[in-house]
Amino acid sequence: MRTSVFTSFLTAGFLTLTQAGPIVTRAEIETCLTGAGVPIDAKNSADWRRDVAPFNTRLPYTPVAIAVPRNIEQIQKAVLCGKKLGIKVSAKSGGHSYASFGFGGEDGHLIVQLDRMNEVTYDADTDVATVQAGTRLGHLASVLYRNYGRAVSHGTCPGVGISGHFAHGGFGFSSHTHGLAQDFVVGATVVLADGSIVEASETQNPDLFWAIRGAGSNFGIIAKWRLRTFEAPSTLTFFSVDLKWTRTTAVAGLEAVERYARDDMPREINFRVSDYARGQIGIEGLYYGTDAQMREAIAPLLSEAAPQANITRSETVTWIEAVTHYGLIPDVDVSEPSPQENFYAKSLTLNSLSGATAQAFVDYHFTNSSKLPFTRAVWFQLDMHGGYHSAISSKSNSSTAYPHRDKLYIIQFYDRQLFGSFPRDGMNFLDGWVDAVVKTLPGGSAGVKGAVTQKGNEEAKEWGMYVNYADASLDRDTAEKLYYGGNLKKLRQLKARYDPTDLFYYPQGIRPVA
């Protein structure tokens with residue numbers, strides 16, 4: 001029986017039925033927490049309303065209680081209360097999950113709200129930063145740069161919490177040059193499902209260390225991260241290009257982008273092809289170097305992919321100015337949640353977007369995007385992820401739990417309702433787009449939900465999905481296979497070792513299978 005059966009009771013504050021079965025009153029879990037000295041949000045207080053507000057308003061869930069720890073011991077005690085009472089426990093760092101997995105993806109979880117723990121320190125002898133679990137990306141970037149002149153590769157949204165980001169990959173506009181955010185993790189302090197506090201590194205619990213870099217939310221609550229840093233560069237150039245593609249030229253353009261990204265793209269370039277305006281396709285990117293160097297490096301791409309295109313903007317900036325430019329706010333040093341949005345999202349990780357696959361992508365986009373009402377902000381981002389010179393693909397798929405290093409692209413599809421409720425049939429647009437692409441791929445003839453059973457993509461070898469762009473519509477089996485690919489068998493075994501009762505369950509989490 002699922003928790004949704006008892007939603008009315010839960011909302012009223014009386015009962016919760018966890019996946020494990022027992023009925024527990026709100027008073028019981030709050031008594032356990034407060035008795036253990038764990039701060040909590042009082043129901044309907046200002047802090048409760050802040051912490052229960054989802055980033056994606058399409059997917060609100062009501063927790064049975066919200067613990068707000070200030071230290072590792074309080075995280076541990078919160079986990080032990082959940083374990084004792086049979087309540088599923090969900091860590092929430094920035095709360096930016098597309099599928100509201102920080103709330104457990106369903107009603108009735110104990111939420112461990114981490115964002116009051118946001119200290120960043122740095123050891124100059126080792127160039128390693130120690131960062132608490134609730135730190136947001138903008139705060140991390142600001143403290144490292146302003147206090148120490150250091151940096152870490154990570155995503156662009158300043159309000160995103162580091163823990164979900166680092167634990168599942170952490171792609172951003174430095175990844176082609178420096179690698180994923182998770183590639184900077186040299187150690188972590190983890191609270192496990194049995195309440196023990198352990199260290200994870202190459203030499204301490206190495207299997208756990210492997211798992212938390214790509215699938216971390218399944219294995220415990222990461223209380224502290226230790227991150228290798230690099231000297232923040234003083235000269236970067238951000239740029240944008242109007243490609244001027246049409247339906248008749250876009251396929252050839254995508255194929256030219258692919259040839260460049262696969263073999264010739266210098267490591268210093270990070271860029272994506274995107275469309276935020278239903279047909280005005282362009283490039284936005286960041287180059288590690290001067291404007292002149294950027295123009296020389298990108299000239300071969302533009303001459304082949306879009307000879308009619310022009311660079312519409314470029315500016316040479318410092319590291320923190322580049323972070324601010326792509327963060328889209330004047331001060332990225334934030335400690336509050338990101339503004340809420342009402343949306344549905346999907347992703348694909350692909351080895352190739354050419355031939356019939358590119359044609360399907362382009363045809364669907366140009367045929368259907370214009371039919372949507374202007375209350376819907378629909379866009380895609382085609383990020384250059386792999387390739388011969390990419391720092392990401394310099395490691396194997398099995399080097400960490402992240403399984404997509406061999407993929408050339410990550411595509412994010414996003415459909416946001418600007419006003420009013422998200423339409424009842426609103427998911428059909430992106431579902432149709434992704435299925436149109438997938439049906440041209442090996443093992444994809446039945447579309448996304450049928451593809452994982454088809455021979456040819458049983459381990460997401462040719463294509464997959466990125467868990468940080470979580471698709472809330474996927475069932476657990478499909479999500480596991482597309483998110484974790486060839487690493488899934490090992491991850492299931494480790495889940496059975498570290499969380500055999502599935503205390504850290506969420507609807508797309510890894511199953512504990514010995």
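What follows is a walk through a helix pair, a pocket and two cavities in this predicted model.

A good place to start is helix H12, spanning residues 355-368, which packs with helix H13, spanning residues 428-438, at an angle of about 155°, the two axes lying 8 Å apart. Because angles over 145 degrees count as roughly antiparallel, H12 is described as roughly antiparallel to H13. The crossing in which H12 passes H13 is right-handed. On the H12 side the contact is made by Thr 357, Ala 360, Phe 361, Tyr 364, His 365 and Asn 368, while H13 contributes Asn 428, Phe 429, Gly 432, Trp 433, Ala 436 and Val 437. Sorted by class, this contact of H12 with H13 comprises 7 nonpolar and 5 polar residues, with no charged residues.

H12 also leads to one of the enclosed spaces, of which the model has 2 cavities of 30 Å³ or more. The second largest cavity, with a volume of about 50 Å³, is lined by Trp 245, Ala 250, Leu 254, Ile 281, Phe 361, Val 362, His 365, Phe 366 and Phe 380. Helix H9, residues 250-264, and H12 each supply at least two residues of this lining, and H12 gives the most, with 4 residues. Phe 361 and His 365 of H12 therefore appear both in the contact with H13 and in the lining of the second largest cavity. By class, that lining has 8 nonpolar residues, 1 polar residue and no charged residues.

The largest cavity holds about 140 Å³ of space and is lined by 13 residues, among which His 154, Thr 156, Phe 173, Ser 174 and Val 323 lie nearest its centre. Helix H11 provides the largest share of this lining, 5 residues. The lining of the largest cavity divides into 7 nonpolar and 6 polar residues, and again no charged residues are found there.

H11, which runs over residues 319-327, is also among the elements that give two or more residues to the lining of the second largest pocket, together with strands S13 (236-242), S14 (269-275), S15 (282-287) and S16 (310-317). About 300 Å³ of space lies in this pocket, and its lining consists of 18 residues, with Ser 240, Tyr 276, Gln 280, Gly 282 and Ile 283 lying nearest the centre. Strand S13 gives the most to the lining of the second largest pocket, with 5 residues. Here the lining does include charged residues, the division being 8 nonpolar, 6 polar and 4 charged.

Definitions and conventions
Residues numbered from 1 in each chain as written. Predicted model: local features only at pLDDT ≥ 70, side-chain atom pairs only at ≥ 80, totals over all residues. Heavy atoms only, no water. Axes fitted to C-alpha atoms, helices over the stretch in contact; angles between N-to-C directions. Parallel < 35°, antiparallel > 145°, perpendicular 65-115°, else oblique. Left-handed = near helix turned anticlockwise from the far one by under 90°. Contact = heavy atoms within 4.5 Å. Nonpolar A, V, L, I, M, F, W, Y, C, P; charged D, E, K, R; others polar. 1 Å grid on protein atoms, 1.4 Å probe; cavity = no way out; pocket = protein on both sides within 12 Å on 5 of 7 lines; lining within 4 Å. Points joined across faces, edges and corners; volume = space filled by probe spheres on them.
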